[in-house]
Every structure is written in C-alpha cells, then in structure tokens.
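Let's take a walk through this structure together, from the overall layout down to a few selected details. Keep the 3D view open as you read.

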Amino acid sequence: MIQRVTLPALGETVDTSTIERWLKKEGDAVKSGDILCEITTDKATLEVESYYTGTLLKIVAAEGNELPVGALIAVVGDPGEAIPEEILTEAAPAAGAAAPAAAAPEPTVSAAVSSAAAPPAPRGRLVASPRARRTARELGIALDRVQGTGPGGRIVEADVVAVAGAATAVKASPVARKLAERQGVDLAAVRGTGPGGKVVKADVLAAAQAPAVAPGTVIPLTAMRRIVAERMLHSKQTIPCYYLQMDADMTDLAELRSKLNAGAPDGKVSFNDFIIKAAALALKAFPQVNSRWVEGGIERRGAAHVGLAVGLDEGLIVPVVRNADTKTLRDIACETTDFAQRARSKRLLPDEYQDGCLTVSNLGMFGIRNFIPVVNPGESAILGLGVIQDRAVCRQGGIHVRKMMSMTLSVDHRLVDGAVGAQFLEMIRDLLEAPQKLTAE
C-alpha cells in the first residue's frame with residue numbers, strides 16, 4: 001500500500017526545514033520507527049521516523065532541499081509497487097532537481113587538492129553542504145576560513161575536518177586554544193609570536209579582530225539570523241516596554257555555591273541556575289507577570305517556564321527550563337548544561353526552546369555591568385544580568401566590600417504595570433540575597 005512521507009510540523013514557529021542527509025536509500029526495507037533522514041530547521045537538527053512498514057520506493061526531496069512543512073519527501077509501499085501518477089506530479093515541484101536514487105555519502109577528498117570539476121565559488125558567497133556546516137559548528141571552525149574542494153568550490157565535511165586537524169597540530173598555549181574556540185578563529189591561520197612560533201593569546205585576539213571578509217561583501221542571512229532579526233524587529237515595533245534596574249548582593253550566594261560545588265565534582269551549579277530558580281518562584285508569586293498578550297485579552301500562564309539565552313555563531317536560541325519552580329538547583333543545572341551543549345550543535349528539539357514565560361540573559365562573563373535586553377515575543381519580560389564584581393557598599397553605617405550584580409528587567413507594559421514589575425524584581429533580589437531559600441527541595 002502506498003504511503004506518503006511528509007515533512008513533519010516541528011512547532012508553531014517552524015515553517016520550513018532542510019533535508020540534511022538520508023539514512024535510508026531507495027529500495028531499502030523500512031519498518032515503523034526506523035529513522036529515514038535528518039532535517040535541519042533554523043535552530044535544530046532532527047530525525048524523521050517512518051510511521052510505515054514496507055519499502056522505501058522513492059526519495060522525493062534531495063539532500064540540501066529546503067521545503068515547507070507538510071511537503072512530500074518520500075514514498076513507502078510494497079516491494080515493486082507502482083507509484084500513482086498524481087503522487088509523482090505532486091513530488092515534481094518539491095523535488096526541484098531529480099532526487100538521487102540513493103543518498104550518496106559526501107566525497108572523501110583531500111583538503112589539499114582542489115576539485116577540477118568546476119571553478120571554485122567566489123568567497124563572497126559560502127557554499128557548504130549541510131553536513132559540513134554541522135561539523136563546523138561542532139568543531140568551532142569558521143566556514144569562511146575553509147577552502148572548498150567539492151564541485152564548484154563547495155565546502156564538504158572532509159574540508160572542515162582537515163582544517164580542524166591542522167588547527168590541532170598548531171603549537172598554541174591552552175589559553176590561546178580556548179579563546180580561539182570561543183572566537184571561532186582558525187589556529188592554523190594564525191601567525192604565532194610566542195617562543196618557537198607558538199600561538200599565544202594576543203595572536204588569537206589580533207586574528208579575531210581582523211575582518212573575516214572583504215569590506216563591502218554582503219553576507220547572506222542564515223535561517224537563524226533571519227528569524228532572530230524578524231522577532232526582535234517585531235518586539236521593538238509592537239511591545240511597549242519599560243525598564244527597571246536593581247542591584248543584588250551576591251556575596252552569600254557565591255559562598256553557598258562554592259560549598260555546593262565543592263562536594264560535587266560533576267554537575268556543578270552555576271549562578272544562572274540560582275537565578276532561574278528565583279525567577280520561577282517569582283513568576284508563581286506574580287501571576288500578572290506570568291502572562292502573555294493574546295488575541296482578545298491577556299492569558300495567565302500558570303506554569304513557570306524560564307528560558308536561558310544561549311549565544312551561537314549564527315544568532316541566539318533560548319532553551320526553556322519547564323516548571324523550574326518545582327525543580328532542585330541540581331536538576332536545573334543538569335538541564336541548562338545539557339541544553340547549552342545541544343544548542344551549540346543544533347540538537348535541541350522544538351519543544352525545548354518554545355513556550356517560555358520569561359527569559360534570563362547573562363552578559364556578565366564579558367564584563368558587562370548592565371544592559372537593556374529585548375523582550376522575546378510571547379513573553380512578558382526578560383531579565384538582563386551583569387557581571388558579579390566586588391564593590392564598596394554602605395551597610396549598617398560602615399563601608400564593606402561585597403559581591404554585587406546589576407539586574408535590568410525589561411517588561412511589557414501592556415501586561416504588567418510598573419509597581420508590579422518593581423515588586424517582582426524585588427522578590428528575585430531578595431531570594432538571591434537569601435539563597436538558602438533556593439536550595440529547599
């Protein structure tokens with residue numbers, strides 16, 4: 001019996017997906033639950049399962065094709081069964097170029113040898129396979145530093161792996177390697193000024209500041225960058241915000257965190273984990289803040305889902321800790337660590353970065369003291385956190401050095417009035433300054 005395999009719906013905000021690679025080929029026997037292919041959205045790489053048992057008669061969507069949700073991507077049926085003409089007609093627009101009879105692996109070419117099949121693509125426009133892009137993200141390799149050896153100068157996975165191997169062979173200090181990974185700098189392209197040509201921190205910083213592309217080059221938007229741009233523009237155009245700032249004394253919390261982590265070499269609790277728990281408890285206490293603007297009124301949320309902004313090379317993603325008010329700090333720590341790792345390799349599921357009530361955004365690791373974050377559409381507020389630093393403060397008639405952190409709350413004024421927003425932020429501060437309340441099971 002002929003069965004149509006279509007591109008699955010992956011959430012309210014996902015309209016299209018790209019076929020990254022086929023794990024089955026035409027003629028293969030498949031059963032319900034088998035993984036047919038991998039697809040990528042603007043934020044994640046996901047697997048498509050077969051709901052049918054039979055034979056994969058035809059692959060309609062080739063690797064690299066971007067298709068709308070619901071589009072036909074393959075046909076499953078009995079061995080040798082004829083595919084009706086109307087299905088083939090439906091498949092023609094979606095397929096674009098003829099789909100391959102089998103998903104051939106990428107050519108394993110040497111990164112030192114250029115392909116003679118076609119002239120290389122101009123460097124102003126990066127052409128790379130989905131697999132190469134994913135590998136580059138996982139290895140921290142900037143694609144604009146990779147010379148493609150595939151047809152037409154296309155960057156394939158082998159090119160990225162070769163560059164990663166060259167970077168590993170470079171003599172560099174541990175600090176330089178860590179910084180290069182964070183900044184997306186190719187160590188193999190950095191001239192070392194340390195002893196014996198060793199790459200040091202200053203070399204990486206200089207390379208990171210150098211222009212990656214020629215001035216005047218127009219860089220095409222990635223799917224993630226386009227979505228971020230659209231959502232932030234929508235936020236600034238439609239959400240009337242006000243902003244509240246407050247300092248929190250983090251001295252006791254820092255001491256408690258050190259004690260908790262001293263007895264737990266694995267699964268360490270971060271400052272963000274404490275703040276997520278505090279924000280979730282405040283959301284439960286202030287239903288006006290735990291709301292969202294919908295057609296015809298204001299919807300009360302009930303559950304306290306708190307998102308944590310994670311910066312990626314292509315943009316920003318906000319995985320969500322669900323029901324954070326009911327979870328222990330260690331449970332939250334395990335989730336946020338896992339989310340951050342999978343976010344950077346685009347392995348989050350759509351349900352894991354949707355339906356947040358409030359977002360926590362922390363730029364303290366960059367030395368930022370305070371900033372005004374932009375509210376994520378669909379949420380009521382976003383909490384911006386600055387660096388925790390020693391400051392001289394007046395307490396009980398004396399001057400003391402305390403570990404202080406500045407917080408900025410951006411609030412949708414359609415949902416939350418100023419007095420309520422101020423009390424909400426005050427509760428978060430009070431919880432952070434009495435952190436033992438956050439450790440209760």
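The protein chain has a secondary structure of ten helices and 19 strands. Please bear in mind that this is a predicted model. The protein chain has 441 residues, and 46% of them count as buried. If you take the contacts with a separation of 6 or more, 62% of them are made by residues 24 or more positions apart.

Let's turn to the strands. Strands of a sheet pair through backbone hydrogen bonds, and they may do so in a parallel or an antiparallel way. Look for an open sheet of four strands: the order is E1-E8-E6-E3, and the pairing is antiparallel. Strand E1 (3-6) and strand E3 (29-30) are the edge strands, as each pairs on one side only. At the E3 edge, two bridges connect E3 with strand E6 (residues 54-59), and these two strands run antiparallel. You can locate this pairing through Val30, whose bridge partner in E6 is Gly54.

Further along the chain, strand E18 (residues 389-395) and strand E19 (residues 398-412) also run antiparallel, joined by seven bridges. E18 and E19 form a hairpin, with two residues between them. In the turn, Gln396 has a positive phi of about 50°. Cys394 is bridged to Ile399 in E19.

Now for the helices. Two packed helices are described by the angle between their axes and by the distance between the axes. Helix H4 (residues 174-183) and helix H5 (residues 201-209) have axes that come within 8 Å and cross at roughly 15°. Angles under 35 degrees count as roughly parallel, and H4 and H5 are therefore roughly parallel to each other. The crossing in which H4 passes H5 is right-handed. Which residues meet here? On the H4 side they are Val175, Ala176, Leu179, Ala180 and Gln183, and on the H5 side Lys201, Val204, Leu205 and Ala208. Seven of the residues in this contact of H4 with H5 are nonpolar, one is polar and one is charged.

One last stop is a single residue in a loop. Ile155 sits between helix H2 (130-139) and helix H3 (157-169). Is Ile155 buried or exposed? Buried means under 20% relative accessible area, and Ile155 has a value of 0%, so this loop residue is buried. To place Ile155 relative to Arg133, note that the two are 22 residues apart in sequence and 8.6 Å apart in space, C-alpha to C-alpha.

Key
Residues numbered from 1 in each chain as written. Predicted model: local features only at pLDDT ≥ 70, side-chain atom pairs only at ≥ 80, totals over all residues. Heavy atoms only, no water. Axes fitted to C-alpha atoms, helices over the stretch in contact; angles between N-to-C directions. Parallel < 35°, antiparallel > 145°, perpendicular 65-115°, else oblique. Left-handed = near helix turned anticlockwise from the far one by under 90°. Contact = heavy atoms within 4.5 Å. Nonpolar A, V, L, I, M, F, W, Y, C, P; charged D, E, K, R; others polar. Pairing = 2+ DSSP bridges. Buried < 20%, exposed > 50% of the residue type's maximum accessible area, 1.4 Å probe, protein only.
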